[in-house]
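Reader: I am new to this structure and would like to know what stands behind the terms used for it. Please take them one at a time.

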Amino acid sequence: MKAVLFGSIGTLIETSDIQRESFNQAFKENGLDWYWSKETYKNLLKSSGGSKRIHNFAKKYNIDIDSNFFRQKKTEIFNEKLISKNTPPREGVIEIIKYAKSHNIKIGLASSTTVENIEAVFITLNNVITKSDFDFIGNDTLIEKQKPDPDIYFKAIECLGINSSECIAIEDSVESAKSAIKAKIECVAFPGLFHIDDDFEICKKYLKKLDISIFNNN
């Protein structure tokens with residue numbers, strides 16, 4: 001094992017409901033009479049990417065809107081919420097990072113979100129986990145195709161100088177896990193709040209709390 005790849009910001013901190021609240025605030029502040037309940041948002045999460053979720057929801061009700069505009073407004077609100085408070089890392093994340101460092105295992109963040117989101121996450125972590133802990137940090141400017149396409153994982157292993165059999169990915173949703181699997185990287189399911197009941201059959205393990213068993217080959 002030469003590297004462990006956290007697959008999204010949601011594998012570092014729990015973001016699901018903050019994201020949902022940010023979407024709803026963006027809709028309200030920009031004249032759109034939408035409200036996404038927890039159940040609605042859980043279903044929308046089956047598609048990766050905020051713009052795609054907005055587009056799919058609008059299409060369902062035959063509404064023509066600029067999904068990229070609302071996604072950008074949501075991102076600004078989401079980042080403001082993160083920056084304004086400290087959010088602890090998810091259970092086991094610190095232990096995995098410490099273990100990797102002590103065993104010369106490289107650490108990557110194979111995220112295809114925006115640079116602004118990445119920055120906000122590390123601010124809210126308040127130096128408990130820092131960018132310097134990572135040997136690779138991805139973002140949407142590095143790739144052409146978003147998850148579930150495997151582009152960000154190909155970029156990660158290229159930058160880390162390893163191949164797909166020498167690392168393991170950690171993902172919080174089935175849609176994102178598909179990205180790792182398509183890159184032929186074994187994946188550990190570490191579901192976020194709205195993904196606990198999803199079918200992670202494609203993953204090597206399913207963990208509600210991370211532990212060093214992810215580094216075992218069995």
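Reader: What makes the contact between glutamate 171 and lysine 147 a salt bridge?

Author: This is a predicted model, and the distance is computed from its atoms. The side chains of glutamate 171 and lysine 147 meet at 2.7 Å, N to O. A salt bridge requires a side-chain nitrogen of Lys or Arg within 4 Å of a carboxyl oxygen of Asp or Glu, so the pair of glutamate 171 and lysine 147 counts as one. Glutamate 171 lies in strand β4 and lysine 147 in the loop between β3 and α7, so the pair ties together parts that are 24 residues apart in sequence.

Reader: Why is glutamate 171 called buried, and why is lysine 147 called buried?

Author: Buried means under 20% relative accessible area. Glutamate 171 has 0% relative accessibility, so it is buried. Lysine 147 has a relative accessible area of 5%, so it is buried as well.

Reader: How many salt bridges are found in the whole structure?

Author: The search gives 8. One of them joins lysine 2 and glutamate 166, at 3.1 Å from N to O. Lysine 2 lies in the segment before β1 and glutamate 166 in the loop between α7 and β4, so this salt bridge connects parts 164 residues apart in sequence. Another salt bridge is formed by lysine 131 and glutamate 119, with the closest N and O atoms 2.8 Å apart. Lysine 131 is in the loop between α6 and β3, and glutamate 119 is in helix α6, 12 residues apart.

Reader: Why is lysine 131 called partly exposed?

Author: Buried means under 20% and exposed over 50%, with partly exposed in between. The relative accessible area of lysine 131 is 37%, so partly exposed is the right term. Glutamate 119, at 33% relative accessibility, is also partly exposed.

Reader: How do you know that cysteine 203 is in no disulfide?

Author: A disulfide is a pair of cysteine sulfur atoms within 2.5 Å. For cysteine 203 the nearest cysteine sulfur is that of cysteine 187, 4.0 Å away, so the pair does not meet the cut-off. For cysteine 167 the nearest is again the sulfur of cysteine 187, 10 Å away, and cysteine 167 is in no disulfide. The count of disulfides comes to 0.

Reader: Which strands form the sheet, and in what order?

Author: The open sheet has 6 strands in the order β3-β2-β1-β4-β5-β6, with parallel pairing. β3 and β6 stand at the edges, each with a single partner strand, so one side of each has no neighbour in the sheet.

Reader: What makes β2 and β3 a pair?

Author: Two strands pair if there are at least two bridges between them. β2 and β3 have 2 bridges, so they pair, in the parallel sense. Glycine 108 has phenylalanine 136 in β3 as its bridge partner, and leucine 109 stands opposite isoleucine 137 in β3. From β2 the chain crosses through helix α6 to β3, and this β-α-β crossover is right-handed.

Reader: Which strands does β1 pair with?

Author: β1 pairs with β2 over 4 bridges in the parallel sense, and 4 bridges join β1 to β4, also parallel. Phenylalanine 6 has leucine 109 as its bridge partner in β2 and isoleucine 170 as its bridge partner in β4. Ala3 and Leu5 point one way from β1, Val4 and Phe6 the other way, and all are buried.

Conventions
Residues numbered from 1 in each chain as written. Predicted model: local features only at pLDDT ≥ 70, side-chain atom pairs only at ≥ 80, totals over all residues. Heavy atoms only, no water. Right-handed = clockwise from strand over helix to strand, strands pointing away. Buried < 20%, exposed > 50% of the residue type's maximum accessible area, 1.4 Å probe, protein only.
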